[in-house]
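Hi everyone, thanks for coming along. I'd like to walk you through a structure that is new to most of us, so settle in and have a look at it with me.

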Amino acid sequence: MATEAFEAIVEDFEFLEDWEDRYRMVIEMGKDMAPMDDALKVPATKVDGCASQVWIHPEVKEGRFDFQGDSDAMIVRGLIALLHTLYSGLPPAEAAQVDAKAELTRLGLEENLSSQRSNGLRAMIQRLKESSAAAAA
């Protein structure tokens with residue numbers, strides 16, 4: 001159920017043999033992501049449970065789920081960019097059904113992230129799942 005953009009990332013990851021190259025790719029994705037408006041970095045958009053500062057501002061545009069996100073940590077910003085390719089552009093009801101953990105497992109993320117980063121990633125996924133489900137209701 002992944003987007004075409006996410007499938008392209010999965011294919012790219014298959015060509016990168018070591019985790020360091022994949023890690024660099026994730027960081028580059030974060031660098032390439034559009035910046036989040038500072039006015040949206042408020043307590044309501046802050047994601048609790050992350051070791052670094054993380055903000056996610058979900059929205060529905062023209063019947064499609066989207067979000068802006070940012071972090072003060074480069075790798076986390078890259079993880080936000082990955083989640084963006086996984087969720088954005090889907091109808092809210094479909095976004096709410098995305099099995100992000102299973103999709104990200106295809107990239108080998110779980111076994112290569114620290115437990116703190118994994119907890120933060122789960123918190124971001126939970127926020128997106130709740131937001132897309134609320135938008136679908």
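**A short walk through the model**

Let's start close to the beginning of the chain: once we set aside its neighbours within four places in sequence, Thr3 is in contact with Thr85, Leu86, Ser88 and Leu90. Please keep in mind as we go that this is a predicted model. Thr3 itself lies in the segment before helix 1. Is Thr3 buried or exposed? Its relative accessibility is 12%, so Thr3 counts as buried, the cut-off for that being under 20%.

Now follow the chain into helix 1. This helix has 12 residues, running from 4 to 15, and at 1.5 Å a residue they should span 16 Å. The end C-alpha atoms are 17 Å apart, which agrees. Which residues of helix 1 are buried? They are Phe6, Ile9, Val10 and Phe13. Around the axis they cover an arc of only 100°, so they sit on the same side of helix 1. Turn to the face that points away from that buried side, and you meet the exposed residues Glu4, Glu14 and Phe15. And what lies over the buried residues? The cover includes helix 2 (19-32), helix 3 (74-87) and helix 5 (100-105).

That brings us to helix 2. With 14 residues, helix 2 reaches 20 Å from its first C-alpha to its last, close to the 20 Å expected at 1.5 Å a residue. The buried residues here are Trp19, Arg22, Met25, Val26, Ile27, Met29 and Gly30. Helix 1 and helix 3 are among the elements that cover them.

While we are in helix 2, let's look at some rings. A pair of aromatic rings is described by the distance of the centres and the angle of the planes. How many aromatic pairs does a search of the whole structure find? It finds two. For Trp19 and Tyr23, the ring centres are 6.2 Å apart and the planes are at 65°, so this pair is edge-to-face; the angle has to be over 60 degrees for that name. Both residues lie in helix 2, four residues apart, or about one turn of the helix. Trp19 is buried, with a relative accessible area of 16%, whereas Tyr23 is partly exposed, at 29%.

Next, some charges. Side chains of opposite charge can pair when their charged atoms come close. Searching the whole structure turns up nine salt bridges, and I'd like to follow a few of them with you.

Begin at Asp38, whose side chain meets that of Lys41 in a salt bridge, at 3.3 Å from N to O. Asp38 counts as exposed, with 57% relative accessibility, and Lys41 counts as partly exposed, with 26%. Lys41 also makes a salt bridge with Asp70, this time at 2.8 Å from N to O. Why is that pair worth a look? Lys41 is in the loop between helix 2 and strand 1 (54-61), while Asp70 is in strand 2, so the pair ties together parts that are 29 residues apart in sequence.

Asp70 has another partner: it forms a salt bridge with Arg77, and the closest N and O atoms are 2.7 Å apart. Asp70 counts as buried at 8% relative accessibility, and Arg77 is buried too, with a relative accessible area of 12%. Through shared partners, these salt bridges join Asp38, Lys41, Asp70 and Arg77 into one network.

Before we leave Lys41, look at where its charged end goes. It sits over the ring of Trp55, 5.2 Å from the centre of that ring.

Trp55 leads us to our last stop, Gln68, which has its place in strand 2 (residues 64-71). Not counting residues up to four places away in sequence, Gln68 touches Trp55, and also Pro35, Met36, Asp37, Leu40, Ile56, His57 and Glu59. Gln68 is partly exposed, with a relative accessible area of 25%. And how does Gln68 relate to Thr3, where we began? The two are 65 residues apart along the chain, and their C-alpha atoms are separated by 17 Å.

That's the tour, and thank you for listening!

Methods:
Residues numbered from 1 in each chain as written. Predicted model: local features only at pLDDT ≥ 70, side-chain atom pairs only at ≥ 80, totals over all residues. Heavy atoms only, no water. Helix = DSSP H or I, 4+ residues; strand = E, 2+ residues; numbered from the N terminus. Expected span 1.5 Å × (residues − 1). Buried < 20%, exposed > 50% of the residue type's maximum accessible area, 1.4 Å probe, protein only. Arc of directions from axis to C-beta. Contact = heavy atoms within 4.5 Å. Phe/Tyr/Trp six-rings, centres within 6.5 Å; stacked < 30°, edge-to-face > 60°. Lys NZ or Arg CZ within 6 Å of the ring centre and 35° of its normal. Salt bridge = Lys/Arg side-chain N within 4 Å of Asp/Glu carboxyl O.
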